[in-house]
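Please take a moment with the sequence and the structure below, and then follow the paragraphs one at a time, returning to the picture as each part is named.

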Amino acid sequence: MPSRAVRSRATWALCAALCACLPATARAAVFLCHDGHGGTVTTDHPSSDCLQYGGKELNPDGSVRRLILTQQQQEQQEQARQREQAQQDSQLREQREQRALLARYPDAATLQGAHAADLHSVQALIDAARQRIQVLDRERHENALDAQFYPNGNYPSDLRARMQINQVQREQEQQMIHAQQRELQRVNQRYDELRARLRPLWARQAPASAPAR
């Protein structure tokens, strides 16, 4: 008994031969549809088997006009199209980001200058907080001198308030310093990442900008 593949090829060849022998006015559409048993059915219309199991629509010369996909195949095809579109969109975004980075940091010197400026801004906040702590230290020393007159700790309300305010402000300035020190680390990390991204971009544009010899 001929195998299923042999029967399918024979059906295809017979259908193509019949299509070629028919006059032009009699050549209707021909559909090769799979059935639920793994066979192939030839019809002149897209049958339910075609819609359920898939098949092909043939041109009058026997060539394939289009594939008839099952619902699952259509979903797989759509998913593949969406993945390809998402990949293309991602590539376009990456290219736009690269152009923007190069426009902002065309060379290593520009990046280094921006890095130094950002570090300076953060360090200025740290230095200012340390200066305020020095002022608060002097105030605390003055409060301590005034407190010597009250060895039992029964301070007047104004002195107690000054001592409490001084302590709160010192804690706030210390928190400010710690926060800005963490910001320094973030700034350095961000510029390290930028430098890693920009190095290959600078390398690619260097040959294009080199003078011709």
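In this predicted model, Glu 57 has Arg 66 of strand S4 as its bridge partner, and this pair belongs to the antiparallel pairing of S3 with S4 (residues 64-68), which extends over four bridges. The two strands form a hairpin with five residues between them, where Gly 62 takes a positive phi near 95°. The side chains also deserve a look here, since Salt bridges that share partners join Glu 57, Arg 65 and Arg 66 into one network.

On another side of the pairing pattern, S3 (residues 55-58) is matched with strand S1, again in the antiparallel sense and over four bridges, with Leu 32 standing opposite Lys 56. S1 (residues 30-34) is mostly covered, four of its five residues being buried. S1 is joined in turn to strand S2 (residues 40-43) by four bridges, the two running antiparallel, and within that pairing Phe 31 has Thr 43 as its partner. S1 and S2 likewise form a hairpin with five residues between them, and Gly 38 in its turn has a positive phi of about 90°.

From the strands we can turn to the helices, beginning with H4 (residues 108-147). H4 has 40 residues and reaches 58 Å from its first C-alpha to its last, which is close to the 58 Å expected at 1.5 Å a residue. Its buried residues include Leu 111, His 115, Val 122, Ile 126 and Asn 143. What does Asn 143 touch, once residues up to four places away in sequence are not counted? The answer is Leu 159, Arg 162, Met 163 and Asn 166, and Asn 143 itself has a relative accessible area of 7%, so it counts as buried.

Arg 170, which has its place in helix H5, is also buried, at 15% relative accessibility. Leaving aside neighbours within four places in sequence, Arg 170 is in contact with Ile 133, Leu 136, Asp 137 and Arg 140, while its C-alpha atom is separated by 9.7 Å from that of Arg 130, a residue 40 places away along the chain.

The largest nonpolar core has 15 residues, and those with the most contacts inside it are Tyr 105, Leu 111, Tyr 191, Leu 194 and Leu 198. H4 and H5 (157-209) are the elements that give two or more residues to this core, and H5 gives the most, with eight residues. Tyr 191, with its neighbours within four places in sequence left aside, is in contact with Tyr 105, Leu 111, Ala 114, His 115 and Asp 118.

Finally, a search of the whole structure finds 13 salt bridges. One of them joins Arg 81 to Glu 78, with the closest N and O atoms 2.7 Å apart; because these two residues are three places apart in helix H3 (residues 71-104), they are separated by about one helical turn. Another salt bridge brings together the side chains of Arg 197 and Glu 97, at 3.5 Å from N to O. Arg 197 lies in H5 and Glu 97 in H3, so this pair ties together parts that are 100 residues apart in sequence. The side chains of Asp 118 and Arg 190 also meet in a salt bridge, at 3.9 Å from N to O. Here Asp 118 lies in H4 and Arg 190 in H5, so the parts tied together are 72 residues apart in sequence. Asp 118 is partly exposed, with a relative accessible area of 28%, and Arg 190 is partly exposed as well, at 37%.

Terms used: Residues numbered from 1 in each chain as written. Predicted model: local features only at pLDDT ≥ 70, side-chain atom pairs only at ≥ 80, totals over all residues. Heavy atoms only, no water. Buried < 20%, exposed > 50% of the residue type's maximum accessible area, 1.4 Å probe, protein only. Pairing = 2+ DSSP bridges. Contact = heavy atoms within 4.5 Å. Expected span 1.5 Å × (residues − 1). Core = buried A, V, L, I, M, F, W, Y, C linked by side-chain atoms within 4.5 Å. Salt bridge = Lys/Arg side-chain N within 4 Å of Asp/Glu carboxyl O.
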